[in-house]
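Reader: Can you walk me through this structure? Keep it brisk.
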Amino acid sequence: MNRARRSAGKVHIGSYGLSGLVVACALAAALLFWLKPSRSDALKPNEAVVQYTLQLSDPISPAAAGTIVAISDGIFAQAGLNIRVHSGSVDNDAIAAVVADENTIGLASTAGFLKARSEGSPILAFAGSFAVSSVQFFTLPDTALLKPSDLEGKRIGYKGGPELSAVFYEFVRKNSLAQSRIVLIESGAALQDLLDRKIDVLLGRADVEGQQLSQLNIDYRTLSPDGYGVHAAGPVYFVQERALAKRRNLEKFITGTAEGWSAAYADYGRTIPEIANSTSPPLPIALTSRLMDNQRRFLRPFGTRFGELDERRIRVLASQLLQRRIIQEPVDLNRAINYDVLKEAYRKEARNLDRSEP
């Protein structure tokens with residue numbers, strides 16, 4: 001009898017232990033399920049993903065690396081944005097797309113934006129991309145171009161558009177060049193004109209013509225206007241005026257792009273292939289790395305914050321465009337530019353936007 005009781009007692013204790021183990025496992029599984037991260041956790045409850053198109057005025061290149069990496073790393077998705085990037089060829093590509101759709105963000109030269117605004121387009125700038133313009137003078141190696149006066153007596157070709165002509169005339173004025181001794185030629189094939197020796201100097205941009213020359217494995221020399229007193233405003237992000245009603249989305253776009261730039265420069269081994277494969281056609285890895293290094297001084301010179309709009313430079317440019325009759329009517333910059341998007345983004349995301357390195 002005593003032996004039987006002891007045996008029953010052991011069975012009774014064992015069943016309680018098994019029950020406890022089952023409950024503990026169930027609780028652990030529930031806890032793991034609760035803590036398991038998911039991408040949708042970054043969204044607020046019941047918050048839908050918002051679709052936006054980023055319309056460029058140029059082909060997709062490393063100049064858009066911040067956006068490219070923010071898309072590939074899921075940074076925009078975590079903020080509730082789905083961003084698609086479309087390439088362009090001129091400022092009007094971006095301007096027309098924005099006018100037609102309030103869920104399109106445009107990126108174009110500040111001069112192109114101001115011209116469109118002066119002509120009545122209901123567009124509004126809210127942030128910058130490159131802090132300064134990447135416009136350069138390009139020559140082939142056997143053409144001397146060491147100082148501004150070397151431009152005199154030469155044929156200078158450019159693709160057209162208000163940005164390039166504004167930089168040229170300001171460069172001539174600042175450096176007291178004899179404009180009568182310079183032949184300025186507008187051409188839709190300015191790069192080919194340089195290669196064919198129809199012009200001596202090409203006025204273009206480091207992220208467009210500079211990249212094209214590099215892709216062709218052509219050696220070239222440059223003269224930078226910003227090294228001789230011309231610090232032109234870089235391109236701007238802009239939207240329809242009505243799009244400002246969704247200002248929080250624009251803040252997310254800017255902070256996401258800034259985080260993308262930080263990631264792009266933090267680990268070349270991971271991000272350079274992503275950036276290179278996003279261009280059409282894909283760029284060589286070594287060239288992409290070199291282009292990324294070269295554009296740092298345009299992106300955030302002198303420790304400026306990403307996206308920063310230089311009001312003084314924009315006002316100077318607007319005045320220059322008006323004086324040269326590139327625009328016919330003055331632009332009310334107080335209505336054409338909104339600084340509140342950046343201010344709020346800076347306040348909320350100081351960690352990404354205030355870094356001295358992109």
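Author: Sure. This is a predicted model: local features need pLDDT of at least 70, side-chain atom pairs count only at pLDDT 80 or more, and totals for chains, interfaces and linings use all residues. Residues are numbered from 1 along each chain as its sequence is written, and side-chain values use heavy atoms, with hydrogens and water left out.

Reader: Sheet first. What is the strand order in the open sheet of five strands?
Author: The order is 2-1-3-10-4, with mixed pairing. Strands are DSSP E runs of at least two residues, helices are H or I runs of at least four, and both are numbered from the N terminus. Two strands pair if DSSP finds at least two bridges between them.

Reader: Which strands stand at the edges?
Author: Strand 2 (81-86) and strand 4 (123-128). Each has a single partner strand, so one side of each is left without a neighbour in the sheet. The twist averages 30° from one strand to the next.

Reader: How many bridges join strand 1 to strand 3?
Author: Four, and the two strands, residues 50-56 and 104-108, run parallel. Leu-54 stands opposite Ile-105 in strand 3.

Reader: Which strands does helix 5 touch?
Author: Helix 5 (residues 110-118) packs on the sheet and touches strand 3, strand 4 and strand 10 (236-240). Contact means heavy atoms within 4.5 Å. The direction of helix 5 makes about 160° with that of strand 4. Axes are lines fitted to C-alpha atoms, for helices over the stretch in contact, and angles run from 0 to 180 degrees between N-to-C directions.

Reader: Now the core. How many residues are in the largest nonpolar one?
Author: It has 63 residues. Such a core is a set of buried Ala, Val, Leu, Ile, Met, Phe, Trp, Tyr and Cys residues joined through side-chain atoms within 4.5 Å. Buried means under 20% relative accessible area, exposed over 50%, partly exposed in between (1.4 Å probe, protein chains only). Helix 9 (residues 247-266) gives the most to this core, with eight residues.

Reader: What does Phe-126 contact, beyond four places in sequence?
Author: Its partners include Ile-105, Tyr-237, Phe-253 and Asn-338.

Reader: Switching to backbone. Which peptide bond is cis?
Author: The one from Ser-280 to Pro-281, with omega near -5°. Pro-281 lies in the loop between helix 10 (268-278) and helix 11 (285-294).

Reader: And Arg-325, is that residue buried or exposed?
Author: Arg-325 counts as exposed, at 64% relative accessibility. Its phi is near 60°, a positive value in a residue other than glycine.
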